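Thanks for coming, everyone. Let me put the structure up, and then we can walk through it together.

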Amino acid sequence: DPKQLGRANLENSGGGHDAKNLRVKLVLLGDSGVGKSCIVLRFVRGQFDPTSKVTVGASFLSQTIALQDSTTVKFEIWDTAGQERYASLAPLYYRGAAVAVVVYDITSPESFNKAQYWVKELQKHGSSDIVMALVGNKADLNEQRKVPVQDGIDYAEKNGMFFIETSAKTADNINELFECHAISDVVSVLGHSL
Ligand code: GDP
C-alpha cells in the first residue's frame with residue numbers, strides 16, 4: 001500500500017540548526033472518489049496513480065516543506081474515506097487542524113454539495129482560526145464539468161476560504177495549493193508561536 005510509505009516521513013525531524021519548525025496538521029475532507037488520495041500522492045511523491053483505490057478507513061501521510069526563510073512546516077495529512085459513516089467522529093479527526101482542504105470533483109455537483117456540508121461542519125466544530133481551502137479537483141476533465149468555476153469562487157469567497165482548481169492527474173496547481181495559499185497563511189497565523 002503506497003500510502004503506508006508516507007509513515008516513514010514521520011521519523012524525519014525536518015529541522016536545520018537555526019531553522020524554525022512549525023508543525024501543521026492538515027486535514028483533507030470530501031466525498032469518496034473526488035481525488036483526495038491522488039492529490040496527496042501527487043504532492044508528496046510527484047506521482048499520479050490511476051489505479052488508486054478508494055481508501056478504506058483512515059490513512060496518514062506526512063510531508064515537511066522548507067520555506068524561503070528556513071522555516072520548515074510539517075504537514076500531517078489525514079485522509080479518510082467513508083468518513084461520512086463516522087460523522088460523529090469527524091470532530092476528533094479535524095481537532096487541532098490548522099488547515100482543512102475541502103475537495104470536490106468539478107464533474108460532480110453531489111461532491112460540491114458534500115464539500116459545502118464539510119465547510120459547515122468545520123465552521124461548527126473546527127478551531128476558530130482554521131484556514132480552509134476549497135479545491136475543485138479533476139480540472140483536466142473540463143469537458144465534463146458540471147460545477148462552474150464561478151460557483152466555487154463565490155462559495156469560497158462567502159466563507160473566507162482559499163479557492164483553487166487542481167488536477168492530480170496533470171499536476172496542475174497541486175504545488176500551488178499546498179505551498180502558496182494554505183501554508184503562507186498558516187505561517188502568518190501561527191507566526192507568533194515561532
Ligand atoms: P479519494 O477517495 O477522494 O481519496 O479519491 P482518489 O484519490 O482515490 O481518486 C478517485 C478516482 O479519481 C481515482 O480513480 C483517480 O484515478 C481519479 N482521479 C483523482 N484525481 C484526478 C484528477 O485530477 N483527474 C482525473 N481525471 N481523475 C482523477
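I'd like to start with Asn173, which has 20 other C-beta atoms within 10 Å and so counts as buried. You'll find Asn173 in the loop between β6 and α6. Its phi is near 65 degrees, a positive value in a residue other than glycine. Ala171 lies in that loop too, between β6 (162-165) and α6 (174-190). Ala171 is not a glycine either, yet its phi is positive, at about 80 degrees. Is Ala171 buried or exposed? Partly exposed, because it has 15 C-beta neighbours inside 10 Å.

Let's step back to the whole chain. Please keep in mind that this is a predicted model. The protein chain has six helices and six strands, and from the N terminus on they run α-β-α-β-β-α-β-α-β-α-β-α. Of the 194 residues, 41% are buried. If you take the contacts between residues at least 6 apart in sequence, 71% of them join residues at least 24 apart.

How confident is the predictor? The chain averages a pLDDT of 77, with 68% of the residues at 70 or above. Among the elements, helix α1 (residues 2-5) has the lowest mean pLDDT, 36, while helix α5 (residues 149-158) has the highest, 97. Over residues 1-18 pLDDT stays under 50, and the model has 23 contacts beyond four places in sequence for that stretch. Where pLDDT is low, the predicted coordinates should not be read in detail. For the record, the model scores ipTM 0.99 and pTM 0.82.

Now for the interior. The largest nonpolar core has 45 residues, and those touching the most other members are Val99, Ala100, Val101, Val102, Val103, Met132 and Ala133. Which elements each supply at least two residues of this core? They are β1 (20-29), α2 (36-45), β3 (71-80), β4 (99-105), α4, β5 (131-137) and α6. β4 gives the most, with six residues. In soluble globular proteins, nonpolar side chains tend to be buried together.

Take Ala100 as an example from that core. Leaving out residues up to four places away in sequence, Ala100 touches Val27, Leu29, Tyr94, Leu122, Gly126, Ile130 and Met132.

Next, have a look at β4 and β5, which run parallel and are joined by seven bridges. One of the residues to pick out is Val103, whose bridge partner in β5 is Val135. Seven of the seven residues of β5 are buried, so this strand is largely enclosed by the rest of the structure. Val131, Ala133, Val135 and Asn137 point one way from β5, Met132, Leu134 and Gly136 point the other way, and all are buried.

My last stop is helix α4, residues 109-125. α4 has 17 residues and reaches 24 Å from its first C-alpha to its last, close to the 24 Å expected at 1.5 Å a residue. Its buried residues are Ser111, Phe112, Lys114, Ala115, Trp118, Val119 and Leu122. Why do they line one face of the helix? Because, looking down the axis of α4, the buried residues fall within an arc of 160 degrees. An α-helix has 3.6 residues a turn, so residues three or four places apart point the same way. On the other side of α4, Asn113, Lys120 and Lys124 are exposed.

That's my tour, and I'm happy to go back to any part of it.

Notes
Residues are numbered from 1 along each chain as its sequence is written. Helices (H or I, at least four residues) and strands (E, at least two) are DSSP runs, numbered from the N terminus. The expected span of a helix is 1.5 Å times one less than its number of residues. A residue is buried if 20 or more other C-beta atoms lie within 10 Å of its own, exposed if 12 or fewer, and partly exposed in between; C-beta atoms are placed from the backbone. The arc is that of the directions from the helix axis to the C-beta atoms. Two residues are in contact if their C-beta atoms, placed from the backbone, lie within 7 Å. A nonpolar core is a set of buried Ala, Val, Leu, Ile, Met, Phe, Trp, Tyr and Cys residues joined through C-beta atoms within 7 Å. pLDDT is the predictor's confidence in each residue, from 0 to 100. Two strands pair if DSSP finds at least two bridges between them.
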